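Visitor: Please show me how to read salt bridges and helix packing in a model of this kind.

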Amino acid sequence: MSRGMNSSVLRLVHYTPIGAYEQKDAGRSALEALSRVVPRLLTPKTYTARIMAADIEKLPGVEALLFGLAEAREVHIVGGSWLARQMRDLLRAGRIPGWSLHELPETTTPVFALFPLLPAVTVTALEKCPFTTVEEVAAAPDEGLRELHRLGAKGVAAIRDACAHPAVREFTGRPAVFPDLADPPPFGHRMNLAHQIRYQGFLEGLLHRSFPQTAVNTIIRAIEAEPIPPADPLVVLLLETAGAMDLLAYYVSTHGPAAAQPEAPSDDTESLPPADSQG
């Protein structure tokens, strides 16, 4: 991530419905995205919306999947990313007038518990979405699930049967909790995004202490002058392989561009004799 990049660079897009692939602007914050997208869930035959970072290559995993429960005027939000968590908090706080969050049980079951019970094509469809728990899948309406990569009635029926299978409950537990991002982060206009995230707790504490402004300015300048460590390509590869996209997004956000790998010598490169060799 380049120096000078801050929270204002974040731009969100959405797809409604998922199968249309028509990219539309969703603003630059979780609140703005909800305000634009949620009213669309009242449109006939529109049950889902997917919101993600416009530059998904630099911010992988920054996404949330929304299901509109129009009759109850509730929004079911899927995903473990910081974006999804912020949206849940905003709905709980009543920031989207007329809408509330569809709450899930506190105890959760990892979504991979469903996979041995489902056809391969259905597993593939679920893996392309940011589902993290069985409870998220179970709460999604049938109409919304059908929009997910054209699952169809048979796929939805298979998902319902799998969610109710007794074997799935053997995996019930609590998911890991990942660090969250402030919106907007303290001093976000004064330093790049990587430093904001790395120093989130420190900056929040600094914001609420009665330090002289000159001292605060000195501290901020010192942090901003620190070099951002490059992302380790091996760490990125391991997180991608494990499918830990939320952790990957957090790791990439707190590091600079990955260091270039040294090129391997070509096969036709002749090895030079030692300097003291006899010729």
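Guide: What follows takes salt bridges, then one helix pair. This is a predicted model, in which local features need pLDDT of at least 70, side-chain atom pairs count only at pLDDT 80 or more, and totals for chains, interfaces and linings use all residues. Residues are numbered from 1 along each chain as its sequence is written, and side-chain values use heavy atoms, with hydrogens and water left out.

Visitor: How many salt bridges does the rule give?

Guide: Side chains of opposite charge can pair when their charged atoms come close. The rule asks for a side-chain nitrogen of Lys or Arg within 4 Å of a carboxyl oxygen of Asp or Glu. It yields 9 salt bridges here. One of them joins Arg 36 and Asp 25, at 2.5 Å from N to O. Arg 36 sits in helix α1 (residues 30-37) and Asp 25 in strand β2 (residues 24-27), 11 residues apart. Helices (H or I, at least four residues) and strands (E, at least two) are DSSP runs, numbered from the N terminus.

Visitor: Is Arg 36 buried or exposed?

Guide: Buried means under 20% relative accessible area, exposed over 50%, and partly exposed in between (1.4 Å probe, protein chains only). Arg 36 has 35% relative accessibility, so it counts as partly exposed. Asp 25, at 39%, is also partly exposed.

Visitor: Which elements do Arg 88 and Glu 136 lie in?

Guide: Arg 88 and Glu 136 form a salt bridge with their closest N and O atoms 3.3 Å apart. Arg 88 belongs to helix α2 (residues 82-92) and Glu 136 to helix α4 (residues 134-139), so the pair ties together parts 48 residues apart in sequence. Arg 88 is buried at 14%, and Glu 136 is buried at 3%.

Visitor: How do helix α8 and helix α9 pack?

Guide: Axes are lines fitted to C-alpha atoms, for helices over the stretch in contact, and angles run from 0 to 180 degrees between N-to-C directions. Helix α8 (residues 200-207) and helix α9 (residues 213-225) pack at about 170°, with axes 12 Å apart. Angles over 145 degrees count as roughly antiparallel, under 35 as roughly parallel, 65 to 115 as roughly perpendicular, and the rest as oblique. The helices α8 and α9 are therefore roughly antiparallel. The contact (heavy atoms within 4.5 Å) involves Phe 202, Leu 203 and Leu 206 of α8, and Val 216, Ile 219, Ile 220 and Ile 223 of α9.
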